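I opened a notebook page for this structure and listed what to look up. The entries below follow the order in which I went through it.

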Amino acid sequence: MSKSSWGTTIAGLDIGTTKTCAVVATSTPEGLDIIGVGEAPSNGLRKGVITDLEETVRSIEAATEKAERMSGVHISHVYVGVTGEHVQSTNNRGVVAISSEDREVARNDVRRVVEASKLIEVGADRQIIHALARQFTVDGHDGVSDPVGMSGSRLEVDTHIITAGNTFITNVLKCVHRAGLEPAGIVFEPLASSAATLLAEERNVGVALLDIGGGTTDVAVFTGGGAIHTSTIPVGGNILTNDIALGLKTTFAEAESIKRTYGSAIADTHGDQEFPVKTLDGKTTRRVNRAQLRAIVAPRVAEIFKLAKAQISDRLPRDVVLAEIVLTGGGAHLRGIDQAAAEFFGLPSRVGVPTAIGGLTDAVRKPEFATAVGLVLFGPKGDGATWHGRNRSPFGKIANWFGDLWN
Ligand SMILES: Nc1ncnc2c1ncn2[C@@H]1O[C@H](COP(=O)(O)OP(=O)(O)OP(=O)(O)O)[C@@H](O)[C@H]1O
Ligand SMILES: [Mg+2]
């Protein structure tokens, strides 16, 4: 990182189904330091997709205002997280000839080959939001992580391509603009969560991240250092609350509180411990034990895992083996969920909290902040200038500092 670039501020905006979170970071010689975080309730989305513009704008304004107050910095540009079933991914390959006289791969050749990999049919109503290089091949030698400077005449790349529906993106950007902000770039949310929580070793060996939010569960799978699968499931932690409300015949608010206090994804020794549940009219209470609550929660958690597993195994090449599951998002707070994941997937599992950053880390050391923190880490790295707004970004020049984030 060049000295003149220290002190640049970068902001991320995670517009979730339950909360909007703005994070402001500043660049330091060591990387990035968080200097402000703002959170506000979000009621304008369903399953990760905006359904109420006004509500969403209000939520963005409230979250950014808090982050501005904490950091003392005016936020003008934000990297914005997107998710929802309209986001889809595929893997592709690009090939170019190295035409320079010295036959040495230059940065521009890398750009050209990634561009070449983006020549796929996406449909008029969709756009490519990421083209992530996983590995390069120079004159038939594969497994190259950075080909710049290598000699050769043919450069190939394997990329993970992510596309999104135009109207959904337009609506997100509309809300960002109406809240007085300029989008610096858009990022598919599980990539952000991964940037904040996964270690390079995990991405190399093979890891699946599940970000269990309120309305969605976002999935990202890495192997050999790069993303090989990303997707989103339109079910998150809120469905557990719904099930509890229906099962125990109580309000959504009471069910949410019960889930957080007594909920568990696994059988434990507290099964016969009883707790009071308010009836729907709030006038009386009934007693329920934790085993009864677990009988509602655990099957739903298993169902979320089953959907994730189906997507992952459908889309991964047979030879890809995973070594770990990492859980992020507010849903990862559920007691025993890491153990339930370990049993379900037959893999070591852990809850991921943002680590790849300095500064006010105490404020964000929770799984539900993985996406927002990851936006400031992953946003500037982006995907090689895919998005039309990127060229106008004042942060474009810092993209290369983080060039090694995924390599
Ligand atoms: N202690 C807890 N135990 C169980 N679940 C919890 C706990 N704390 C939060 N949650 C759940 O986490 C979910 C919210 O997570 P998060 O803040 O990551 O969602 P979001 O980003 O707003 O939504 P999305 O990513 O789906 O758009 C809610 O379903 C909430 O009930
Ligand atoms: Mg989220």
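Before starting on the ligand I fixed a cut-off: a polar contact is a pair of N or O atoms within 3.5 Å. I also noted that the model is predicted.

**Entry 1: contacts of ligand 1**

I looked up G215 and found one of its backbone N or O atoms 2.9 Å from an oxygen atom of ligand 1. G330 also uses a backbone N or O atom, which lies 2.8 Å from an oxygen atom of the ligand. For E256 I noted a side-chain contact instead: a polar atom of that side chain is 2.4 Å from an oxygen atom of ligand 1. I then checked the cover: ligand 1 taken alone exposes 660 Å², and the protein buries 93% of that.

**Entry 2: the shell around ligand 1**

How many residues surround ligand 1? I counted off 19, with T17, T18, N238, E256 and K259 as the closest. I sorted the shell by type and got 13 polar residues, 5 charged and 1 nonpolar. Helix α7, residues 252–262, supplies the largest share of the shell, with 3 residues. I also looked up the pockets, and the space that ligand 1 takes is the second largest pocket.

**Entry 3: helix α10**

Next I went through helix α10, which covers residues 370–378. Is this helix enclosed or open? I found 9 of its 9 residues buried, so the helix is largely enclosed by the rest of the structure. The cut-off I used for buried is under 20% relative accessible area. The buried residues include A370, V373, L375 and F378, and T371 and G374 are also among them.

**Entry 4: H160 and I186, two strand residues**

I found H160 in strand β10, residues 154–165. Its relative accessible area is 0%, so I entered H160 as buried. What lies 3.5 Å from a polar atom of the H160 side chain? I traced this to the backbone oxygen of I228.

I186 belongs to strand β11, residues 182–188. I entered I186 as buried too, at 1% relative accessibility. I then looked up L173, which is 13 residues from I186 along the chain, and the two C-alpha atoms are separated by 9.0 Å.

**Entry 5: A302**

A302 is in helix α8, which runs over residues 290–315. I looked up its accessibility and entered A302 as partly exposed, with a relative accessible area of 30%. A302 and A265 are 37 residues apart in sequence, and I noted 8.6 Å between them in space, C-alpha to C-alpha.

**Entry 6: positive phi at R103 and D139**

I wrote down the background before the cases: most residues other than glycine have a negative phi.

R103 is not a glycine, and I noted a positive phi of about 55 degrees for it. Where is R103 placed? I located R103 in the loop between β7 (88–97) and α2 (107–117). It counts as partly exposed, at 41% relative accessibility.

D139 went on the page for a positive phi as well, near 45 degrees, in a residue other than glycine. I placed D139 in the loop between β8 (126–138) and β9 (141–144). Its relative accessibility is 38%, so I entered D139 as partly exposed.

How values were computed
Residues numbered from 1 in each chain as written. Chains lettered and ligands numbered in written order. Predicted model: local features only at pLDDT ≥ 70, side-chain atom pairs only at ≥ 80, totals over all residues. Heavy atoms only, no water. Near = heavy atom within 4 Å. Polar contact = N/O pair within 3.5 Å; in protein donor to acceptor, adjacent residues only side chain to side chain. Areas by Shrake-Rupley, 256 points an atom, 1.4 Å probe, with all protein chains shown as cover. 1 Å grid on protein atoms, 1.4 Å probe; cavity = no way out; pocket = protein on both sides within 12 Å on 5 of 7 lines; lining within 4 Å. Sits in = over half its atoms within 2 Å of the grid points. Helix = DSSP H or I, 4+ residues; strand = E, 2+ residues; numbered from the N terminus. Nonpolar A, V, L, I, M, F, W, Y, C, P; charged D, E, K, R; others polar. Buried < 20%, exposed > 50% of the residue type's maximum accessible area, 1.4 Å probe, protein only.
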